[in-house]
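This report describes a two-chain model through its strand pairing, its packing and one of its helices. The sequence and structure are shown first.

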Amino acid sequence: MEIEIISFGQITEFINNQKIEVDGIADTNAFKQYLENRFPALKDIKYKLALNKNIVQQNTEITNRATIAIMPPFSGG
Amino acid sequence: MASLNGGIIFSNLNMSEKKIKNIFVKGPITPAFIADSIAKHNSKTAIGGHSIFMGQVRKDEIDGKFVAAIAYTAYEELALEKMHQIREEIFEQYPLSCMHIYHSLGTVKTGEICLFVFTSSAHRKPAIAACSEIVDRLKAELPIWGKEIFEDETHQWKENI
């Protein structure tokens with residue numbers, strides 16, 4: 001399965017935008033686990049995911065060719 | 001990226017599709033742009049009160065270093081979707097004649113304006129309340145990030161409190 005990862009804010013400093021080919025990541029909880037294993041720095045920050053431009057509020061199924069944004073706390077204004 | 005005349009980026013005439021207004025401006029929001037925006041309302045004679053909020057980049061001191069600028073980035077598509085939703089909710093909540101919102105992207109130096117929220121109504125109270133609520137919601141809900149750049153070119157990521 002292909003997932004496109006895009007990152008924002010301070011997360012851009014250690015996760016580049018990239019496409020990954022993975023199997024066995026069925027939902028956003030599993031994806032978080034994958035991310036935190038691969039990028040341990042993420043464990044120390046609060047972050048939210050947006051799956052195909054929808055902010056993830058609860059565990060959600062991921063389908064092939066999803067785009068997932070990793071977003072640190074907002075600081076606009 | 002918006003031009004400073006506040007153009008609508010996904011403009012279309014089909015009323016069944018929602019119009020998503022752009023709020024992003026490249027670089028600082030100039031006093032001239034704000035003045036022009038105010039001037040455009042003199043033909044809207046049902047308006048009796050305007051409320052304006054302007055966010056200005058503050059020269060904060062952190063560990064002996066001064067902020068020189070903030071560089072803003074956003075998840076633009078998501079931010080505009082979310083802003084559209086907030087805009088609709090605020091219009092339902094308050095009897096407003098007008099609502100204009102602009103936020104900078106890219107570098108804005110200390111002392112320059114990075115946020116401009118402008119609401120108008122027949123009487124002042126809805127304009128004031130809506131303006132304040134828009135600013136609160138925008139800061140909490142829009143995926144925008146500010147990187148504070150210090151005079152020595154080091155940086156830290158801003159956090160809204």
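## Strand pairing in chain A

In strand E5 of chain A, A:Ala69 is the bridge partner of A:Ile6. Strands are DSSP runs of E with at least two residues, helices are runs of H or I with at least four, and both are numbered from the N terminus; two strands pair if DSSP finds at least two bridges between them. The model is predicted, so local features require pLDDT of at least 70 and side-chain atom pairs count only at pLDDT 80 or more, whereas totals for chains, interfaces and linings use all residues. Residues are numbered from 1 along each chain as its sequence is written, with chains lettered from A and ligands numbered from 1 in the order in which they are written.

The bridge between A:Ile6 and A:Ala69 joins strand E1 (residues 2-7) to strand E5 (residues 66-71) of chain A, a parallel pairing with five bridges. On the antiparallel side, E5(A) pairs with strand E3 (residues 48-51) of chain A over four bridges, and A:Lys48 has A:Met71 as its bridge partner in E5(A). E3(A) also pairs with E4(A), in the antiparallel sense over two bridges; here A:Leu51 is matched with A:Asn54. These two strands form a hairpin with two residues between them, and A:Asn52 in the turn has a positive phi of about 45°.

Together, five strands of chain A make an open, mixed sheet in the order E2-E1-E5-E3-E4. Its edges are strand E2 (18-21) and strand E4 (54-55), each of which pairs on one side only.

## Surroundings of A:Ile6

A:Ile6 lies in strand E1 of chain A. It counts as partly exposed because it has 17 C-beta neighbours inside 10 Å; a residue with 20 or more other C-beta atoms within 10 Å of its own is buried, one with 12 or fewer is exposed, and those in between are partly exposed, with C-beta atoms placed from the backbone.

Apart from residues up to four places away in sequence, A:Ile6 touches A:Asn17, A:Thr67 and A:Ala69, where contact requires C-beta atoms, placed from the backbone, within 7 Å. The C-alpha atoms of A:Ile6 and A:Lys19 are 8.8 Å apart, at a sequence separation of 13 residues.

## Chain B and helix H3

Chain B contains three helices and eight strands, which follow the pattern β-α-β-β-β-α-β-β-α-β-β along the sequence. Of its 161 residues, 29% count as buried.

Helix H3 (residues 124-141) of chain B has 18 residues and an expected span of 26 Å at 1.5 Å a residue, which agrees with the 26 Å between its end C-alpha atoms; the expected span is 1.5 Å times one less than the number of residues. Its buried residues are B:Pro126, B:Ala127, B:Ala130, B:Cys131, B:Ile134 and B:Leu138. They lie on the same side of H3(B), because they cover an arc of only 130° around the axis, taken from the directions from the helix axis to the C-beta atoms. The face turned away from this buried side carries the exposed residues B:Lys125 and B:Asp136. Covering the buried residues of H3(B) are elements including strand E2 (49-56), helix H2 (76-93), E5 and strand E6 (113-121) of chain B.

## Contact between the chains

The contact takes 13 residues from chain A and 21 residues from chain B.

Methods:
Two residues are in contact if their C-beta atoms, placed from the backbone, lie within 7 Å.
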